[in-house]
Every structure is written in structure tokens, then in C-alpha cells.
Amino acid sequence: MNYPQAVITLLNEDLAILDPPIDTPREKVKKPFELPPANKDNRRVFAYLLKHRHLDRDVLTTFVRAGLVYEDQKYHNAVFVGMDRDGTPRHAHKRSTNSQGKSFRMTAEGSDFRYAFNWPGSNNHLLVFEAPIDMLSFISKFHDSAWAKYSYVALCGTSSQPMLGMLERCPQIDTVHFALDNDQAGQLATRRLAKLVREKGLAVNALVPVLKDWNDDLCANFEQEQEVQHEQKLS
């Protein structure tokens, strides 16, 4: 007999001892979505978004009062909340408020990307952005009294799910304006997403920032205004 047969005979054991069952991998249970606990105030978030990102105070205050932006308790991150049509939080994107060093960005576990950071308006236009700060920067740069009538969504990346979710929830939309980053990844995503929109029979428009993204443009404008004010003081 061969070696395995000899061992079995000597031990008077079943063959299974030499061929133990393979553990089957367990399915990962999806963690239910929960918003990060809120801090008692939003001071660090306001300081970061107003002083370093130069967002418009009135625009930011509107989103904070709507429960769409707040400061988390543990790490003092800025949390950008995505709600469904009933006002129930379904998505949260966290970003560090550190002005120096490598930035931290993460989507909360259990988030539903169909409800990423968004603002549902009443008219027929939807504006699509990559990141929440890009979206708030665009509104800060170009807003007037009618900005809230438009619909906005931040993809928190380049996935189509948030955009398609908005189109489903806002059937009055017939024109989609893509305002993704002015880089290769952003423009490739624009072409891919625009194809999906055209297949639905909707109109498409592209809005491209001068620099890499809308916050870069907003900060550049702020610096130019500061220089003009400084020159006016000297003259």
C-alpha cells in the first residue's frame, strides 16, 4: 500500500483526518448606515470652509441649518449628508478640516450612493459635481437669489448612482449640467455620464472650471479681490 493508506491502516482512522473540510468564507454582513455623532458646535467646520475654502457664509449657513453639513464629534471632520425625498439621511461623506498635510476623505459605511450629498430644486436643471466642496464652491461663486431653485448633486467620486438617483426623484429635470473637475479623470467621467443622460433623452451641458476644480477657482478669485483691495488702500 502507499504511504497514506499505510497511515490510515495504522491509525485505524477515516480518510477524513487527512482531508479536513475547507472552511467556506462567511458573507460579509453590511453594516447599517448611521450618521457620525455630531459635535456640540460647528466652529471648526465653519472656520475651515469659510477661511480656507472661502465659501459664501450665507450659502454654508443654509446647508448647515438644513442638516446637510455639520461637524462630527470624535474627529471634528466636516460631514456632508445626503438625504432622501423624505428628509431621512441615507449617505454621509466625511472630510478632515485640517488645512495642512494630507486630507482625509471617506464615505460612511452603509451609505446609499443614490442619495449622495444633494439639493433638490424645483426647476428643470440639475448640476453635477465630483465633491461636496466643489458643489458649495460653485454655488458660492455664482449664486443669486434663485440658486436654491436648481437641483445639485455631488457624486463623491465619479459614480453614476447619485446622478441617476436625482433624475429618478426629480422627474421635472430635462437638462443636466456637468461641472466635474478640469482634469483627465473628470472629463472622461463627464463623457461617460453624459452618454447615460442623452440615452434618457435629456439635454446635456458642460461647465468646466478654469483651474482644476471650482474651489480652486473660488480661492483664486478671493485672492484677486484681496489684492485689489490692498492696492486701493495704498492708492
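**How the labels are earned**

In this predicted model, the largest nonpolar core has 35 residues, and Phe-63, Val-69, Phe-117 and Met-135 touch the most other members. Helix H2 (43–52), helix H3 (57–65), strand E1 (69–71), strand E2 (78–83), strand E6 (125–129), helix H4 (132–142), strand E7 (151–154) and helix H7 (214–234) each supply at least two residues of this core. Apart from it lies another core, of 17 residues, including Val-153 and Phe-178.

Me: Why is Ser-96 called buried?
Reply: Its relative accessible area is 4%. Buried means under 20%. The value 4% falls under that cut-off, so Ser-96 counts as buried.

Me: Where does Ser-96 lie?
Reply: Ser-96 sits in the loop between strand E3 (89–95) and strand E4 (105–107).

Me: Which residues does Ser-96 touch, not counting residues up to four places away in sequence?
Reply: Ser-96 touches Tyr-48, Asn-77, Ser-103 and Phe-104. Contact means heavy atoms within 4.5 Å.

Me: What does Phe-63 touch, not counting residues up to four places away in sequence?
Reply: Phe-63 touches Leu-68, Val-69, Phe-117, Trp-119, Met-135, Leu-136, Ile-139 and Trp-147. Val-69, Phe-117 and Met-135 are named with Phe-63 among the core members that touch the most others.

Me: How many of the 235 residues count as buried, as a percentage?
Reply: The share is 42%.

Me: What makes up the protein chain, in helices and strands?
Reply: There are seven helices and nine strands. Among contacts between residues at least 6 apart in sequence, 66% join residues at least 24 apart.

Definitions and conventions: Residues are numbered from 1 along each chain as its sequence is written. This is a predicted model: local features need pLDDT of at least 70, side-chain atom pairs count only at pLDDT 80 or more; totals for chains, interfaces and linings use all residues. Side-chain values use heavy atoms; hydrogens and water are left out. A nonpolar core is a set of buried Ala, Val, Leu, Ile, Met, Phe, Trp, Tyr and Cys residues joined through side-chain atoms within 4.5 Å. Buried means under 20% relative accessible area, exposed over 50%, partly exposed in between (1.4 Å probe, protein chains only). Helices (H or I, at least four residues) and strands (E, at least two) are DSSP runs, numbered from the N terminus.
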